[in-house]
Amino acid sequence: MRIGIVGLGLIGGSLGLDLRGLGHTVLGMSRKQETCRIAEKIGAVDQARPEPDILATCDLVFLCTPIGLLIPVAEAIQLHLNPAAILTDVGSVKASLVAPLSHIWPRFIGGHPMAGTAESGILAAQNNLFVNRPYVLTPTPETDPEIMPVVTEVVKSLQSILYVTSPAEHDQAVAWISHLPVMVSAALLGSPTNHESQPEILELAQALASSGFRDTSRVGGGNPELGRMMAEYNSIALLTSLKHYQQELTGLIELLETQNWSGLEAYLAQQAQARPAFVGEA
Ligand code: NAP
C-alpha cells in the first residue's frame with residue numbers, strides 16, 4: 001500500500017518506521033524541510049517534503065500533526081489527495097475532530113493510537129511504539145463501510161490492540177483515565193503552592209516530597225500546551241469527569257468532618273479493589 005503521513009514527529013515518525021518495516025511505501029509531508037530530511041535519513045519515510053503534492057498517489061493518509069493543526073492541515077491537503085484515498089488521524093480527542101474532518105474528507109475515520117513517550121519530534125520516533133498498545137478507531141454511522149476493514153488491517157499489522165467505539169464514548173473514557181488525572185495532578189501541585197501561607201512549611205514540604213508525590217504530580221507537572229489542548233478539545237467530557245471528582249472530594253471531606261473513620265476506611269478499601277481493573281495488580 002502507498003501510505004502518506006502528515007506531521008513527522010513522535011507518532012508520525014514511529015508509524016512510518018513500522019509501516020515501512022511491513023513493506024508499505026511511506027510518503028511523508030512535514031512543515032520543515034529539515035524534518036523531512038531527517039525522516040528520510042532514519043528510514044521513517046521513503047520520501048518526504050513540505051509540499052502536499054507528495055500525497056497524490058497515497059491510498060491511505062495519516063494526519064499526525066499537533067491537535068490544533070489537524071483541521072487546517074486536512075483543509076490544506078484535501079485538494080491534493082486521490083479521491084479514493086482514505087484519511088485517518090491520530091489525535092488524542094475524537095468528537096471535536098471527527099465531525100469537521102469527515103466534512104472535509106468523507107472517506108475519513110478517526111483513530112487514536114494510545115502510545116507515546118515524554119519526547120516529541122522526529123528524533124523521538126521509534127520502532128514498535130504501538131505493539132500491544134490500544135489503538136482506538138471511531139467510525140460513525142456515516143463512515144463508508146469499505147474504510148473500516150482497510151484501516152483495521154493496518155492497525156492490527158502494527159500489533160496494536162484494536163478498540164472500536166464512538167467518538168463521544170472514546171472522549172469520555174479518555175477524559176476519565178488521561179485528561180482528569182492531568183487536572184487532578186495539577187491541582188495537587190497547586191494546593192500547597194497556592195494555599196500554604198507559611199513559606200517555611202512550604203519549603204519543608206518541598207524538601208520532604210518523595211516518590212509518592214513524584215508519582216501523583218507527574219502528569220500535572222507536564223507540558224502545559226498539551227494540557228490546554230486536551231481540555232479545549234475535550235471540554236464537555238472533561239468537565240463531566242471533574243464534577244464527579246468534585247463529588248468524590250466532597251464525600252471525603254464529609255467523612256473527615258464527621259470523623260467517620262470506618263466510613264473512610266471502607267471508601268479506601270473500595271478504591272483499592274477498583275484499581276486493578278484499570279492498571280492491573282502493579
Ligand atoms: P510531535 O512529536 O510534536 O509531532 C508533530 C509533528 O507535526 C512535528 O514534528 C512537526 O514537524 C509537524 N508539524 C507541525 N505543524 C505542521 C504542519 N502545519 N504541517 C505538517 N506538519 C506539521 O507530536 P506527537 O506527539 O507526534 O503528536 C502528534 C499527534 O499525535 C497529536 O495530534 C496528538 O494528539 C497525537 N497523539 C500523541 C500521543 C503522544 O503521546 N505524544 C499519543 C497519541 C496520540 P516539523 O518539524 O516539520 O514542524
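Biologist: This model is predicted. Which residue places a backbone N or O atom 2.6 Å from an oxygen atom of the ligand?
Modeller: A polar contact needs N or O atoms within 3.5 Å. The pair asked about lies 2.6 Å apart, and its protein side is a backbone N or O atom. The residue is Gly121.

Biologist: How much of the ligand does the protein bury?
Modeller: Start with the ligand taken alone. It then exposes 890 Å². The share of that area buried by the protein is 83%.

Biologist: Which side chain has a polar atom 2.6 Å from an oxygen atom of the ligand?
Modeller: Two side chains are worth checking here. A polar side-chain atom of Arg31 lies 2.8 Å from a ligand oxygen atom. The 2.6 Å distance belongs to a polar side-chain atom of Ser92.

Biologist: Which residues come nearest to the ligand?
Modeller: The ligand has 24 residues around it. Five of them come nearest: Ser30, Thr35, Thr65, Ser92 and Gly121.

Biologist: How many residues of the shell around the ligand are charged?
Modeller: Sort the shell by class. Eleven residues are nonpolar and eleven are polar. Helix 1 (10-21) and strand 6 (108-113) each supply at least two residues of this shell. The charged residues number two.

Biologist: Now the second largest pocket. What is its volume?
Modeller: A general idea helps first. Rolling a probe the size of a water molecule over the atoms shows where empty space is left. For the second largest pocket, the volume is about 150 Å³.

Biologist: Which helices each supply at least two residues of the lining of that second largest pocket?
Modeller: The lining includes Leu189, Pro192, Leu202 and Ala205. By class, the lining has six nonpolar, two polar and no charged residues. The helices are helix 6 (167-195) and helix 7 (199-208).

Biologist: Where does Gln159 lie?
Modeller: Its backbone draws attention to it. Phi of Gln159 is near 65°, a positive value in a residue other than glycine. Most residues other than glycine have a negative phi. Gln159 sits in the loop between helix 5 (147-157) and strand 8 (161-164).

Biologist: Is Gln259 buried or exposed?
Modeller: Phi of Gln259 is also positive, near 50°. Gln259 lies in the loop between helix 10 (235-257) and helix 11 (261-279). Exposed means over 50% relative accessible area. Gln259 has 55% relative accessibility, so it counts as exposed.

Technical notes: Residues numbered from 1 in each chain as written. Predicted model: local features only at pLDDT ≥ 70, side-chain atom pairs only at ≥ 80, totals over all residues. Heavy atoms only, no water. Near = heavy atom within 4 Å. Polar contact = N/O pair within 3.5 Å; in protein donor to acceptor, adjacent residues only side chain to side chain. Areas by Shrake-Rupley, 256 points an atom, 1.4 Å probe, with all protein chains shown as cover. Helix = DSSP H or I, 4+ residues; strand = E, 2+ residues; numbered from the N terminus. Nonpolar A, V, L, I, M, F, W, Y, C, P; charged D, E, K, R; others polar. 1 Å grid on protein atoms, 1.4 Å probe; cavity = no way out; pocket = protein on both sides within 12 Å on 5 of 7 lines; lining within 4 Å. Points joined across faces, edges and corners; volume = space filled by probe spheres on them. Buried < 20%, exposed > 50% of the residue type's maximum accessible area, 1.4 Å probe, protein only.
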